[in-house]
Amino acid sequence: MSSVSEQSMEDKLCVEIDQAFKGNRATAEDWRRALDKVVPAIVVLRVTACRAFDTESAGVSYATGFVVDKRRGIILTNRHVVKPGPVMAEALFVNREEIPVHPLYRDPVHDFGFFRYDTSSIQFLNYEEIPLAPEAACVGLEIRVVGNDSGEKVSILAGTLARLDRDAPVYKRDGYNDFNTFYIQAASGTKGGSSGSPVIDWQGRAVALNAGSKTSSASAFFLPLERVVRALKFLEKGIESVANKLEAVSIPRGTLQATFLHQGFDETRRLGLRSETEQIVRHASPPGETGMLVVDSVVPGGPAHKHLEPGDVLVCLNGEVTTQFQKMETLLDDNVNLKVELQIERGGKSLTMNLTVQDLHSITPDHFLEVGGAVIHPLSYQQARNFHFQCGLVYVADQGYMLLRAGVPRHAIIKKFAGVEITRLEDFISVLSKLSRGVRVPLEYISYMNRHLRKSVLVTVDLHEWYAPPQIYTRYDSSGLWAISPILTLESKLLSPNVNWIVQDLASNRVSSCSADVTPMEQAQQCICQEPMNGVANMKTTCEQVDGSLSLDKSDAAIKKGQVDKQLSVEVSLLPEYPSHKLSKVSLEVSGTETETVLRNNQGAADAAANASVAERVHVPSSCMLDGVPSQHFFGTGVIIYHSQTMGLVAVNKNIVFVSVSDVLLSFAAYPIEVPGEVVFLHPVHNFALVAYNPSALGPGASVVRAAELLPEPALCRGDSVCLVGLSSNLQAISRKSFVTNPSAALNMGSAHFQRHRGTNMEVIELDTVLGSTFSGVLTDDLGRVRAIWGSFAIQLKFGGSSEQDQRFSRGIPIYTVSRILDKIVSGADGPPLCINGIKRPMPLIRILEVELYPTLLVKARSFGLTDTWIQALVKKDPIRRQVLTVKGCLAGSKAENLLEQGDMVLAINKVPVTCFRDIEDACQELDRCNDSNGKLTLTIFRQGREIDILVGTDVRDGNGSTRMINWCGCIVQDPHPAVRALGFLPEEGHGVYATRWCSGSPTQRYGLYALQWIVEVNGKPTPNLDALVAVTKEIEHGEFVRVRTIHLNGRPRVLTLKQDLHYWPTWELRFDPETAMWRRRTIKALDPSTQ
C-alpha cells in the first residue's frame, strides 16, 4: 500500500501546470490551421517484416509516420515500426498516393527510426514537412495526436501533457523495450495503428513521438524528440550533393551496457547517498531536479560488467554532475571507443572508475543465418539486456522447421552443435557446412527461462529439399535491403544428397549401379533415439510474438478467423445400428477427461502384436503443408505388415500420416532403435497409409523385427473378442481386452472449414471399451493375428457459436483394405514405379468411384418411394445392414460428376444389388480384370421415384497424394486435392490452382491473398493448372504489381492486386521425384544476385 501511495503522490506532483503556459490559449481556428498544415505530411505505413529477427516476428503491421525532411524524403516513425530486420514497406498519403519506402535508420535503443522515399514519386499532393520542437514540450500543453489510430487513415485525438519524466514503458519480457530515457505521458487514448504519430501543438510543430499506450487505461506514452533531432541532423549531413542520394550514414551511439533508472533523492539516500554529495548534486543541477540516475542492471561481458552494480548512484560523468538521461547519453555518444570517468556512490562509499564506451552499433546485429526455416544471429543488446546474457551469443530468433522439429524453443541460445562449443555465429556455420543431408547431430542450448540448465536435443539436417540451402542475410542501409548470399561451396555435402541410390530391375534382378556414401557421423547417430503460416487477416500495428514453447497443437499457425468468409458446418454420424444415445457418448468421449484403466489380459497375443508395433513421429515442414494438413507434428502407433531383407512396410492411420511431404521417424518395440521412414502409399479413400523403412538400417535388429500376421477373413462379427494393442510414448506395450459392438459402422463425417482428408465410404469397427479418443494401434484375435488397425479420425465440432475445435475419436479399420494393397505391392503391381530403399518397385493404382455415399435405412428409403421389390432384394443381399447407399455428392472433376445427383439411391451395379461400400470396391476391382469395360460401371439408381440405369465412369488414382507445389509470393499453391474436390465445386475458369497456405511476412499476407481459394487468373491470363501459373509468373518482374482473380470455396469471386517480391520471396516449386524418392526444390524465378 505504501508504494501505491508514493506513486500517487508522485503523479500529483507532476501535473502542476507551468506558470508560463497558463496564459496561452489556442483557439479552434488555430488548431484548424495547424491541422491543415500537418495532415498532408502524415502517412499510413504498411510494413511487412519478411523474416523474424531479434525482438520481432515475421508478419504485417500498420502504423503511422510523418515527413520531417521533404527535400531529402525522410519519414519519422517508431523503431518497432521500422524494425531491426528485413522489411518491405509502403507509405500511403492522405490523397491515396502510395509509394515504396525503405528503412534508413533505426535506433538501437530508443523507439524511433526513419524511412526514406523518392520525393519525385509524389506528384499530386502539396505538403510540407513537420518541424520538430522538443523544447516546446511542457506539462499542461494541449496536444493533438494525428495518425492511423485503430486502423483509420486519419484520426485526431486530443490530450494534455501530464508528465515529462515517466519511466520508459515495459512492453514485453522477451521483446523490444526502450530504456535510459524519460517518456512523456498524456491521456490521449491512442490504440493500435497510431505508433509513429506526431504529437503536435497548436503551431503545427511535433513536440513528441507517439510510441505506445496502456491497454487498461487511456494513458499514452510519447518519446521525447531530443535524440531524434540529433539523429536527423546526422542523416542530413549524409547527402551526396552530386547524386542527391542518401548514403549509409553512421550515427555515433555509445553505451556502457548498463541500464539506469531515475530515482528520487529519498530513494538515493536509502541506497547510501551521502548528504554532502546530495548537496553538491542539488547545487550543480537545474532548479527543480528531483533525483539522480541509479544503476538498474548491467549486461554480462559489457564495459560496465564487474565495475557497476545495481544500486550504484551516478554522481559525475567526465567530471560533470549528471542527473538526466539526455546529458548522460550525449556524453556517451560523443566518446565512442574512448574512456570516460564515472564517479558513483555505492552504499555510502565514493568510487571513481574509467570505462571504455562501446560502439552501440557493434552489438546490434546486422546479419543472420537462415537454415531449414530457422533464423539464427548474434544476440543483440536488446535481448541480452532482457535475458541477462552476454551480447553476441548465438541466438534463435525463429526455430523454423529444423530446430522446432528437435524441440528447440524460440529465444534459445545455442551452446554446442555436433560436439563443438559454439560461441559465435561463425562457429555454428563452420560446423553446419561440414554436415551431410539427413544426418542427425546433438545440439545443446539454454533458455532465459531456465538459464542454468543446458538441454540437449537431436537436430536432423533435412534430407529432402524442403528449404533453400543455408544463406546469410546482411543489412545495407544505403539500399534499405538485406543482401542474400550462400554460405556453402559447391563441394559442400549439404548441396547434394549423401546417398547414391541403387537402381535395380526386379524382373532381371540386375543392379545397374550400387554405391552408398555414409559418413562416420551418420553411422554414429543412426541408432540414437530422439527425445510446430499462416497469420491473421486483421493486421495490428505490431506483430504478436510467437510462443516459443514446443507444442504439438500450437507449433504451426492454423487458419485464423479472418481468413474464411464462410464456415462449413460439421456433422458426424455413425450408421447404421448406432443408437442415438451413443452419439452423445462419442461427444463426451471426445471432449471429456477420461480415466483409463489399462488391462493386461491375454498377454501372449498382446506381446506378439506389440513386437510388430512401431511408434511413429511425423513432422511436416511448414514450407510445404499441403492437402490441408492441420498441424506440423503427429505421434501414433503403426504395425509392421511386411519385413524382408530389402523392404519393410508399416501401416498407420492417416490421422498420423496426412501427407507424403513428411519426415517420419520409426521407433521399434522389438528392438531399441529409431530409423527414418518414407511415406510410400496414401490410400485415396480409406484412412490408412504405408510407410517404408530400410531393414539394413536396423543392424542386428533386422533379425529380431517381425511383421505381424494379418487375418483379413473372415470379417469380425458383433460380440467377437479382440485385444486392443498399442504403444505408449515411451514404447511400452498397452493392451485391453474388448468386444466388438458394431463391426460395420458407416462413417458420415462432415467437411471441416479448412479442407483436409476425412474418412469417406468406410465402414469401421466399434468396441465396448477403448483406450482413449486418440489412442492408435491394432485389434488382434486371441492368437495375435491382426484383424484391424485401430486409428483416430479428426473432425471439427462447433462450440459457442462460430468457434470450431478439432476433436478426435478412434475406430477400427478392417485389415482387408490394407491386405489388398500389400498383396499388390509384393506381387508387383502394374502401376508407376517408385524407388523404395534404392529399388524401383511398381506401386498399385486404385480404381474408385469418386462419389461420396452414405447409408440410408430401408425404412427411410421406403418413405422416399423405393419399391417393395428392391427392398426385398436388398434385404436378401444383406439381412444385417438393411440399408441402401445414397449419393451425398460427387467429387468435382470426376467422371461421375454431372451423372449422379445428390439423393440418388444406388441399388445395383451391373445388375447385382449393392448394400455396402465394399460392394462398390469389389465392382471397381472387377473392372481392372476386364479389358473391355472402358472403366465404366452400369449403376441402377432410384431418383425421384424412378428407377434408372446409368453408365458411370470410374477414376484411377495412385497412392502418392499431392506431389507438387509452388510457392509464389509466399502463397503455397497446389492442384485441388480430393478433400477440396469433395465439396463438389471447381471454378468454371479451368478449375484453377488452389491456395492451400500462406507464409507470414510475405506479399501474400500483405495484400490478402489468403488460403481456401482458387487462383484462376493472373494479369488476365488463365491459370487452370500449375504449369500455366508458372508460365504467367515467369513474365512478372521484381516489384511489379499484378492483378489476381480468385474464387473462394463458397464460389465468391474476388480481384486483388499484389506486388511481387523476388528478393525475399522468390518463386520456387517442390516436386516429388519417384526415380529417387526425393523431394526436389527448383527455383523458378528469383532476383539476380548482381542486382541486389
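**A partly exposed proline, a six-stranded barrel and its surroundings**

Pro1074 counts as partly exposed, because its relative accessibility is 33%. The model is predicted. Pro1074 sits in the loop between β64 (1067-1073) and β65 (1078-1085). Contacts distant in sequence link this proline to Pro833, Leu834 and Cys835, with residues up to four places away not counted. Lys840 is 234 residues from Pro1074 in sequence, yet the C-alpha atoms of the two are 8.7 Å apart in space. The loop between β64 and β65 also holds Ala1077. Ala1077 has a positive phi near 60°, in a residue other than glycine. Ala1077 counts as buried because its relative accessibility is 12%, and buried means under 20%.

The protein chain as a whole contains 20 helices and 65 strands. Of its 1092 residues, 58% are buried. The accessible surface of the chain comes to about 43600 Å². Carbon and sulfur atoms account for 51% of that surface.

In soluble globular proteins, nonpolar side chains tend to be buried together. The largest nonpolar core of this chain has 79 residues. Those with the most contacts inside this core are Ile641, Val657, Leu666, Phe668, Val680, Leu690 and Tyr693. Strand β40 (residues 688-693) supplies the largest share, six residues. Another core, of 52 residues, lies apart from the largest one. Val87, Tyr105, Phe112 and Leu235 are among its members. Within the largest core, Leu666 has a broad list of partners, with residues up to four places away in sequence not counted. Among them are Val614, Ala615, Val650, Ile673, Val675, Val691 and Tyr693. Glu616, Glu674 and Gly677 also touch Leu666.

Strand β40 also belongs to a barrel. Six strands close in the order β35-β36-β37-β40-β39-β38, with antiparallel pairing. Neighbouring strands of this sheet are turned by 40° against each other on average, direction ignored. Strand β37 (residues 648-653) and β40 run antiparallel and are joined by six bridges. In this pair, Asn653 stands opposite Phe688 of β40. Helix α14 (residues 816-827) lies across four strands: β36 (633-643), β37, β39 (674-682) and β40. The helix runs at about 40° to β40.

The loop between β40 and β41 contains Pro714. A cis peptide bond joins Glu713 to Pro714, with omega about -5°. Strand β41 (residues 721-727) follows, and six of its seven residues are buried. Strands of a sheet pair through backbone hydrogen bonds, either parallel or antiparallel. Seven bridges join β41 to β42 (residues 733-749), and the two run antiparallel. β41 and β42 form a hairpin with five residues between them. In the turn, Leu731 has a positive phi of about 65°. Four bridges join β41 to β44 (residues 777-780), again in an antiparallel arrangement. Cys723 takes part in both pairings: Lys737 is its bridge partner in β42, and Thr780 stands opposite Cys723 in β44.

Three further sites concern helices and a loop. Helix α4 (residues 226-237) has 12 residues. From first C-alpha to last, α4 reaches 17 Å, close to the 16 Å expected at 1.5 Å a residue. The buried residues of α4 are Arg227, Val228, Val229, Arg230, Ala231, Leu232 and Leu235. Leu235 is also one of the residues of the 52-residue core. An α-helix has 3.6 residues a turn, so residues three or four places apart point the same way.

Helix α10 (residues 425-432) is mostly covered, with six of its eight residues buried. These are Leu425, Asp427, Phe428, Ile429, Val431 and Leu432. His388 lies in the loop between α8 (381-387) and β25 (394-398). Phi of His388 is near 60°, a positive value in a residue other than glycine. His388 is partly exposed, because its relative accessible area is 42%.

Definitions and conventions: Residues are numbered from 1 along each chain as its sequence is written. This is a predicted model: local features need pLDDT of at least 70, side-chain atom pairs count only at pLDDT 80 or more; totals for chains, interfaces and linings use all residues. Side-chain values use heavy atoms; hydrogens and water are left out. Buried means under 20% relative accessible area, exposed over 50%, partly exposed in between (1.4 Å probe, protein chains only). Accessible areas come from the Shrake-Rupley method with a 1.4 Å probe; for residues, only the protein chains shown count as cover. A nonpolar core is a set of buried Ala, Val, Leu, Ile, Met, Phe, Trp, Tyr and Cys residues joined through side-chain atoms within 4.5 Å. Contact means heavy atoms within 4.5 Å. Two strands pair if DSSP finds at least two bridges between them. Axes are lines fitted to C-alpha atoms, for helices over the stretch in contact, and angles run from 0 to 180 degrees between N-to-C directions. The expected span of a helix is 1.5 Å times one less than its number of residues.
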